[in-house]
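Please find below my comments on the structure, set out as numbered points. They concern the sheets, the enclosed spaces and one loop residue.

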Amino acid sequence: MPYKICMVSDFFYPSMGGVESHLFLVSQRLIQRGHKVIVITHAYGNRKGVRYLTNGLKVYYVPTLVIYSGASLPTVYGFFPLLRNILIRESIDIVHGHQAFSALCHEAILHSKTMGLKACFTDHSLFGFADASSILTNKLLKFTLSDVDHVICVSHTSKENTVLRAALSPRNVSVIPNAVVASQFLPDPSAADPNWITIVVISRLVYRKGVDLLVAVIPRICAMHKNVRFIIGGDGPKRIDLEQMREKHMLQDRVELLGPVRHSQVRNILIQGNVFLNTSLTEAFCIAIVEAACAGLFVVSTKVGGVPEVLPSHMINYAMPEEDDLIMAISKALHLIRYGKVDPSKFNDELKDMYSWSNVAERTEKVYDLIYHMPSSPLIERLRRYYGCGLYAGKIFCMVMALDYLFWLLLEIVFPRWSIEPAPTFPSERYKKKMDHE
C-alpha cells in the first residue's frame, strides 16, 4: 500500500553529513517504491520555501531560527500552525522524524500525534548518561518517544543506547542500518600519488568527531613516516585547532585542509588516498567508513559505538580513542599499504552486496505497514504515558501535551481543514517514463 510520508529533521541538504545523506537516499528509494515523500527542514540562508529535488522529492525549507550546529530554536507550539497546514495540504499519513538533536523532529512528532497521524523516529546518534547535556537530551527524548509508534536505530549498539535512554520496550525498536550507493564510490588506484601514502579524513570538525585526537596524532605520524601526508575535508568549530597545529609544526606541505565538501565531491577526494582515518569519540554507525572502503581505502577507526558492526575485519584496523593506540593502528595500516599486504580496491565488490538503500527502504516500509495498522491512542492513554515520564517531568509533559491538544482544537476552528487547498501530487510515474524515454 502506498503511503504519504513526511520526513522531518533539522539536518538536510545543502548541509552535509550522514543524516542528510540518509534522509535523501531513503526518500528516493521510497519514491521509487511508489510512495509519496516530502521533507520538512529549516531554511538555509536564501534557500527558503518549497524546492523540488531528484524524482520530485518536495522539500519545505521553513523559516526557523538556527541556534547551534544546524539545530533550530525549539518553539514547542510556534511551528504547529505551519506544520498542520503542510500535513493537511499534502494529505500525510505518516510523520518520520530523524535525529535526537533536531527540535523540528521532536515538535513534529508531538504535533502529528495530536492530529491523529502515525509517527516514527530514527535515532542516528549515541548519547551518554552522566553529563548535563546528555541528561537533558535524554529526558526530552523520553518525552517524545513516550507517544511514538515505533523507533528505528542504525545499529544494535544504538538500539541498546536508545532503549536505555528513553526507557522503551525493545519490541518497539527496530535496527535498520545505513547503506551506500557503491556505484558512486568506484575505486581508482591510479588517482593516488605514488610518491606519498595519503591519509584522508572527511568529517564534521567538532569535538564529538575526535578532532582533538586528530590534532595530537598528525604531527607524530608525520615525524615517524616521512612519506605520509593528510587530506582533511570538512568544516566546524575545531577547524581553527587544525590550522594552528599545521602552523606550529610547519606541516603546510603535508596537511591539506579542504574546508566544506559537497557529497558529490567526496569520491574524488577519497580516491586520492590510501588510508581513511575516523577518530570519532562516539558513533552510532559511521557511513563515512563504508564510503571510504567502497572507494578503495583501508580504514583506521576508533572502536566506539556501532563502528565494530559496520565493516569486515580485513577492511579495518581498530584503536581505542587514545593517542598512542591510534598511532599504533595507523602505523600498522601504513605497513600493510606500503608492502602491498592488502588490496583495498577489491572492497567495493564485497560491500555492494552488503549495503543497499533499496533494502533499507524495503525494511522501513515494513515499519510503516506495522504502525499504519496500529489503533490510534485515545487522549487519556497519551496523558497516561506522559505522566509516567517522571515525578515532576511527567506532570509538566502532561500540561505541554494538553495545551498542544487545545491549540489544535483552536486551529481546527480558526483555520478549518476545508479552507486548506490540497497540493497536487508530483507525477512520479510520468516523470520516470519521460526520463527513461530520453
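The points below take the two sheets, then the pocket and cavities, and then a loop position.

1. The model is a predicted one, and its local features are reported only where pLDDT is at least 70. For side-chain atom pairs the requirement is pLDDT 80 or more.

2. One open sheet contains 8 strands, in the order β3-β4-β2-β1-β7-β8-β9-β10, and its pairing is mixed. At its edges stand β3 (49-53) and β10 (173-175). Each of these two has a single partner strand, so one side of each lacks a neighbour in the sheet. Between neighbouring strands of this sheet the turn is 25 degrees on average, with direction ignored.

3. Within that order, β8 (residues 118-123) and β9 run parallel and are joined by 4 bridges. Phe121 has Val151 of β9 as its bridge partner. The strand β9 (150-153) returns in point 7, as a contributor to a pocket lining.

4. A further open sheet is built from 6 strands with parallel pairing, ordered β13-β12-β11-β14-β15-β16. Its edge strands, β13 (255-259) and β16 (316-319), each pair on one side only. From one strand to the next, the twist averages 20 degrees.

5. Strand β11 deserves a separate comment. How many of the 6 residues of β11 are buried? The count is 6 of the 6 for this strand (residues 197-202), so β11 is largely enclosed by the rest of the structure. The cut-off behind this reading is that a residue is buried when its relative accessible area is under 20%. Ile197, Ile199 and Val201 point one way from the strand, while Thr198, Val200 and Ile202 point the other way; all are buried.

6. The partners of β11 can be followed strand by strand. With β12 (residues 228-233) it pairs in the parallel sense over 6 bridges, and Ile199 has Phe230 of β12 as its bridge partner. Helix α6 (residues 211-224) joins β11 and β12 in a right-handed β-α-β unit. β11 also runs parallel to β14 (residues 275-278), with 2 bridges joining them; here Val200 stands opposite Phe276. β14 in turn is joined by 4 bridges to β15 (residues 298-302), again in parallel, and the β15 residue Ser301 is the bridge partner of Asn278.

7. The second largest pocket holds about 380 Å³ of space. Its lining comprises 22 residues, and Leu145, Ser146, Val148, Leu168 and Asn172 are those nearest its centre. Two or more lining residues come from each of α4 (132-145) and β9 (150-153). By class, the lining divides into 10 nonpolar, 6 polar and 6 charged residues.

8. Enclosed space should be considered apart from the pocket. A search of the whole structure gives 3 cavities of 30 Å³ or more. The largest cavity has about 60 Å³ of space. Its lining is formed by His22, Val26, His96, His98, Thr122, Ile152, Val154, Ile176, Val360 and Thr364. At least two of the lining residues are supplied by each of α1 (18-32), β7 (94-98) and α12 (357-372). Which classes are found in this lining? There are 5 nonpolar and 5 polar residues, and no charged ones.

9. The second largest cavity contains about 50 Å³ of space. Val201, Ile202, Ser203, Leu205, Lys209, Val211, Leu214, Leu277, Asn278 and Thr279 line it. Two or more of these residues are given by each of β11, α6 and β14. The lining has 6 nonpolar, 3 polar and 1 charged residues. This cavity therefore connects with points 5 and 6: Val201 and Ile202 are among the buried residues of β11, and Asn278 is the bridge partner of Ser301.

10. The last comment concerns a loop. Lys346 is located in the loop between α10 (323-338) and α11 (347-354). Is Lys346 buried or exposed? Its relative accessibility is 55%, so Lys346 counts as exposed. In sequence, Lys346 and Pro187 are 159 residues apart; in space, their C-alpha atoms are 8.4 Å apart.

Definitions and conventions:
Residues are numbered from 1 along each chain as its sequence is written. Side-chain values use heavy atoms; hydrogens and water are left out. Buried means under 20% relative accessible area, exposed over 50%, partly exposed in between (1.4 Å probe, protein chains only). Two strands pair if DSSP finds at least two bridges between them. A crossover is right-handed if, with the strands pointing away from the viewer, the path from the first strand over the helix to the second runs clockwise. On a 1 Å grid over the protein atoms alone, a cavity is a set of points where a 1.4 Å probe fits but cannot get out, and a pocket is an open set with protein on both sides within 12 Å along at least five of seven lines; lining residues have an atom within 4 Å of a point. Grid points are joined across faces, edges and corners, and a volume is the space filled by probe spheres set on the points. Ala, Val, Leu, Ile, Met, Phe, Trp, Tyr, Cys and Pro count as nonpolar, Asp, Glu, Lys and Arg as charged, and the others, Gly among them, as polar. Axes are lines fitted to C-alpha atoms, for helices over the stretch in contact, and angles run from 0 to 180 degrees between N-to-C directions.
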